[in-house]
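Okay, thanks everyone for coming. I'd like to walk you through one model today, starting at the ligand and then moving along to a helix.

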Amino acid sequence: MTAVPVSMTDVRGLVDGALRAAVGRLDPRTYRVAAYHLGWADEEGRPLAAPAGKALRPALALLSARAAGAPPESALPGAVAVELTHAFSLLHDDIMDGDRTRRHRPAAWTVFGEPAAILAGDALLALALEVLLEAPGQGSARAARALTVATRRLIAGQSLDLEFETRRQVGLEECTAMAADKTAALLACSCAIGAVLDGAPEPLAAALEAFGADLGLAFQLVDDLLGIWGDPATTGKPALSDLRSRKMSLPVVAALNSGTPEGARLAELYARPPDPEDPEDPDEEDLAEAAALVEAAGGRAWAEAAADERIASAAAHLASAPLPEPVRAEFLRIAAFVTRRDH
Ligand SMILES: CC(C)=CCC/C(C)=C/CC/C(C)=C/COP(=O)(O)OP(=O)(O)O
């Protein structure tokens with residue numbers, strides 16, 4: 001998978017060595033699962049050429065050091081820590097959602113079993129903190145605290161997301177608040193962690209975090225759009241997977257709350273429990289109808305406009321922050337990538 005494009009820093013080139021050194025501390029059984037999940041190895045432990053994932057969070061972390069006038073290398077512990085935390089969340093998320101495909105390959109739990117995948121996720125989260133606490137300089141404890149707060153919010157968001165799946169009525173505001181915790185909190189932390197490690201003043205760290213919070217919401221909105229209308233060949237997820245699992249994603253919740261006849265029909269489809277005897281239920285026709293209803297009820301247009309608004313708001317946070325012009329331009333380039341991405 002192609003990494004997020006960052007013109008002035010070779011993100012993977014900088015981060016991969018430190019990431020591999022950290023994960024290499026794990027016991028051999030846990031290492032095998034983590035190496036598979038991170039795209040370094042196949043099921044048998046044989047090395048693979050291309051690592052998985054877009055490396056968006058480490059890219060933001062390295063840039064955040066440059067925002068504070070420090071070299072990107074000084075943010076390496078932060079870049080590694082946010083990517084490890086992200087990897088933990090995906091490992092556990094696939095188990096909770098029963099998702100069998102991740103990054104174009106069978107999800108780790110389908111290969112190694114749930115217990116081994118849970119342990120690997122736990123281990124990656126522990127490693128993230130270990131790496132941050134070992135970081136040289138005064139910012140280490142402050143950065144570790146930022147990451148633990150973000151992780152707590154990640155968990156709160158995930159918990160609410162799971163609760164939404166059991167409910168018929170979800171409001172747009174609470175769904176947005178859920179996404180702010182589940183996804184945006186870690187992106188916000190990634191945008192500030194390099195500066196925090198460098199001991200940056202609080203106003204700069206706060207501006208970077210506010211940028212990341214808006215960027216993170218735009219990211220989730222686009223993720224939700226891709227979950228319905230994305231091409232499985234590029235997303236690495238099965239087609240219409242979010243509708244199949246009746247996920248209360250943002251475009252769906254916008255459609256359900258639209259007050260339109262199409263929104264009401266979508267609510268009927270979502271309320272009908274799948275036939276436990278029929279693995280093909282809902283079938284492709286039901287899913288295509290649900291996608292068409294989300295669109296006709298305005299859910300797609302709402303999510304696209306909301307993503308654009310968040311990106312504009314993200315840019316406004318940077319406009320008033322004291323950071324070098326090329327770094328601001330690079331953050332904005334990443335923001336543009338987030339809304340245009342197809343995977
Ligand atoms: C506690 C717990 C289990 C929380 C789950 C939180 C969770 C899975 C949030 C979803 C975030 C998200 C859109 C990830 C895709 O990131 P990406 O597109 O950057 O992924 P990539 O690394 O594959 O490119």
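**Around the ligand**

So, this is a predicted model, and let's begin with what surrounds the ligand: by class, that shell is made up of seven polar, six charged and five nonpolar residues. Of these 18 residues, the ones that come nearest are Lys-54, Arg-57, His-86, Arg-103 and Gln-158.

Let me take a few of those side chains in turn. Lys-54 has a side-chain N or O atom 2.5 Å from an oxygen atom of the ligand. For Arg-103, the distance from a side-chain N or O atom to a ligand oxygen is 2.7 Å. And with Arg-57, a polar side-chain atom sits 2.8 Å from an oxygen atom of the ligand.

How much of the ligand's accessible area does the protein cover? On its own the ligand has 640 Å², and the protein covers 93% of that.

Now, which elements build the shell? H4, H7, H8 and helix H9 (202–229) each give two or more residues. H4 gives the most, with six.

Let's stay with H7 for a minute. This helix runs over residues 140–164, and its 25 residues should span 36 Å at 1.5 Å a residue; the end C-alpha atoms are 36 Å apart, so the two agree.

Which way do its residues face? Quite a list is buried, including Ser-140, Ala-143, Ala-144, Leu-147, Leu-154 and Phe-164. In an α-helix there are 3.6 residues a turn, so residues three or four places apart point the same way. What do the buried residues of H7 pack against? Helix H4 (76–97), helix H6 (114–133) and helix H8 (172–197).

One last one: Gln-158 is among the buried residues of H7, and Gln-158 is also one of those that come nearest to the ligand.

Technical notes
Residues are numbered from 1 along each chain as its sequence is written. This is a predicted model: local features need pLDDT of at least 70, side-chain atom pairs count only at pLDDT 80 or more; totals for chains, interfaces and linings use all residues. Side-chain values use heavy atoms; hydrogens and water are left out. Helices (H or I, at least four residues) and strands (E, at least two) are DSSP runs, numbered from the N terminus. The expected span of a helix is 1.5 Å times one less than its number of residues. Buried means under 20% relative accessible area, exposed over 50%, partly exposed in between (1.4 Å probe, protein chains only). Contact means heavy atoms within 4.5 Å. A residue is near a molecule or strand if one of its heavy atoms lies within 4 Å of it. A polar contact is a pair of N or O atoms within 3.5 Å; within protein, one must be able to donate a hydrogen and the other to accept it, and residues adjacent in sequence count only if both atoms are side-chain atoms. Accessible areas come from the Shrake-Rupley method with a 1.4 Å probe; for residues, only the protein chains shown count as cover. Ala, Val, Leu, Ile, Met, Phe, Trp, Tyr, Cys and Pro count as nonpolar, Asp, Glu, Lys and Arg as charged, and the others, Gly among them, as polar.
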